[in-house]
Amino acid sequence: MTPRDTILVWRLRSGDREAYRDLIRSHHQGVYGYLRRLGADAFLAEDLTQETYARAWQRIETLRKSASLRSWLMTIARNEYLQSVRAGRQGTAGTEELPEMRDPGPGPEGEVVLTERDRRVRRAVAQLEGPLQEALALHYFQDLSLREVGAVLGIPAGTVKSRIHRAIGCLRKMLEEKETDDEREGTEKAIAGHS
Amino acid sequence: MNEKELKRRLRAIREPAPPPELRTRLEQGIPDPVRRPETRWSPERMWSMARLGGLTAALVVIVAAAWWLAAGFLSGPAGPSAAFAAVLEPVVQATGDTGAVHLVMRMRTRDGEDFSFVNLAGDLQNVEAWVQWPRLPGDPARARMEKGDRIYCFDGEETILYKPRRGEAFRRAGAFDFDLLWPAAWVKTIQNTPAEGVEVVTHDESGGRGRLVLHEKGCSPEPLEPSFLGDFDRDTEVIWDLATHRLLGLRRWVYHGGERRLFAELVSIEYLPEIAAERFHLDLPDDIRWGGVLQAPPEMASLGPREVAIHLFEAAQRGDRITLELLVPSPSMVSFLLDERNRPTQIVFIGEPFHAGQYPGVYVPYKVWFGKDPPFLKQHNLALRNDNDQHRWVFDGGWI
């Protein structure tokens, strides 16, 4: 748990209303994005984000020392999503069509211009099989440590590491094949144009 | 694309953002009222707050001292069965039927702390107290307590906190809730605690003595380490004289790391008709430095606690004694803050003030780098209070 989280938990436990707002401000984008990554469409992700926080307010006392606030919220969000799937709720979608971030907020991420290569990476991530994609997304997109990812997914950190390793390997392979195809296509176009 | 570049691009990816109105809807879902467990009146919470405070007002020190006794020897959020409540009734009556008491105690507390902290890493410290109870309406109450590096003395009119090692003292007019220093009140509180969560481990009356041992569950502060009495699972032992029904002993243990550790012990208690007034008079050295809240420019009075916290850190950072003396009532603390080793080097974060427990001031969360050799990052809550004549927010604890 980060020092900031420690203070925030202390404030939450003391009933500091502003701390509840802080928990929303700090993490609601991550929760929503994770639910989208899991496969919820925009409407379901909104609903489940609200249900995640409602559950969090009820369970603030159950927060374990070893868990970070973010991974704790992600765990709740994941359970809410799985329950919604089991309950047959409408609104699940694939991750292939995930839009770009609409409001990246201040900071360097906001200034990133997506290049064609970035788009290829995103598309390749969306093609990964579910467990690999989820581990990768929690680690790289949600900035969770391997241990925290393990806590969310209910698996050892070592397993998370191997999943991410495999995911990186798959991505590299997919991207290399894509680049080879593009190069070949570009060469053929160039030859055709030249002739 | 090599692995390094791939990872860099992965780190730059952010998930889809929610619609802006989602945050508003989430904030509307915050339960109202937010549960406030720490605001209930309990010795544990009082002492958890008192840990950060307590460098200034003697009145509060005495109240804190009283709560220490309560925290040390009284039950927390638990409760007896009706059976042991009945057992304790004559003990309450007989223990209160005296004019004064002289107490010697041992507590696992810490130097510089106002008693609340369960210092499992340290030894038991001796604490001695004298309490004169008013026999008739209008009689003054008096109290004196000595512990480690400090003496608290209330002569019926004003309270003085004297710190011999620092050569400074604080004076404040006013009474205090001396009921909490009174052993009969401790037993009464045990008797009155709610029924849930207390297990009667032992009830034995033999050899001229009664003995009751109670077990209570702690309220875990996870993810924080347990620090204060209420955080721990604990046992309380009450011993009384079967002939007089007066309290003879109290002990408290806490459970931690699979061990049962003694936290507080009443070593001796004398029941006296009265205590000489001289006991409640302090002879202070001529060169004593009196601490207190100095007169300040009007604009200083209008500063809120967060602004005061910022001014305080910035003044310490630049070694500004004049500003520090206005914001810090303790002269020795001003010197401490001006020491190169204790000065902030970088202010990372100053949070919003919040109230907690029964502490009369507020806490301001901070995250600050201190010192240079080596530098260290400290995050804690600065304790500020404004219950002084000028109603200004001033430093009360929570530094390094």
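How many bridges join strand β1 of chain B to strand β2 of chain B? Strand β1 (residues 100–107) and strand β2 (residues 125–132) run antiparallel and are joined by 8 bridges. The model described here is predicted. This briefing covers two open sheets of chain B, one of 12 strands and one of 4 strands, together with helices that pack in their surroundings.

**The sheet of 12 strands**
- The strand order in chain B is β7-β8-β9-β10-β11-β1-β2-β3-β4-β5-β6-β12, and the pairing is mixed.
- Strands β7 (198–206) and β12 of chain B stand at the edges with a single partner strand each, so one side of each has no neighbour in the sheet.
- Helix α6 (residues 183–192) of chain B packs on this sheet, where it touches β1, β8, β9, β10 and β11, and its direction makes about 55° with that of β10(B).
- Leu103(B) has Ala129(B) of β2(B) opposite it.

**The sheet of 4 strands**
- Antiparallel pairing links the strands of chain B in the order β13-β14-β15-β16.
- Because β13 (344–350) and β16 (394–397) of chain B each have a single partner strand, one side of each is left without a neighbour in the sheet.
- From one strand to the next, the twist averages 45°.
- Helix α8 (residues 305–318) of chain B packs on the sheet and touches β13, β14, β15 and β16, with a direction about 165° from that of β13(B).
- Strands β14 (residues 362–370) and β15 (residues 376–385) of chain B pair over 9 bridges; Lys367(B) has Gln379(B) in β15(B) as its bridge partner.

**Helix α10**
- The buried residues of helix α10 (residues 331–338) of chain B include Met333(B), Val334(B) and Leu337(B).
- Buried residues of α10(B) pack against β6, β12, α8, α9 and β16 of chain B.

Terms used. Residues are numbered from 1 along each chain as its sequence is written. Chains are lettered from A and ligands numbered from 1 in the order in which they are written. This is a predicted model: local features need pLDDT of at least 70, side-chain atom pairs count only at pLDDT 80 or more; totals for chains, interfaces and linings use all residues. Side-chain values use heavy atoms; hydrogens and water are left out. Two strands pair if DSSP finds at least two bridges between them. Axes are lines fitted to C-alpha atoms, for helices over the stretch in contact, and angles run from 0 to 180 degrees between N-to-C directions. Contact means heavy atoms within 4.5 Å. Buried means under 20% relative accessible area, exposed over 50%, partly exposed in between (1.4 Å probe, protein chains only).
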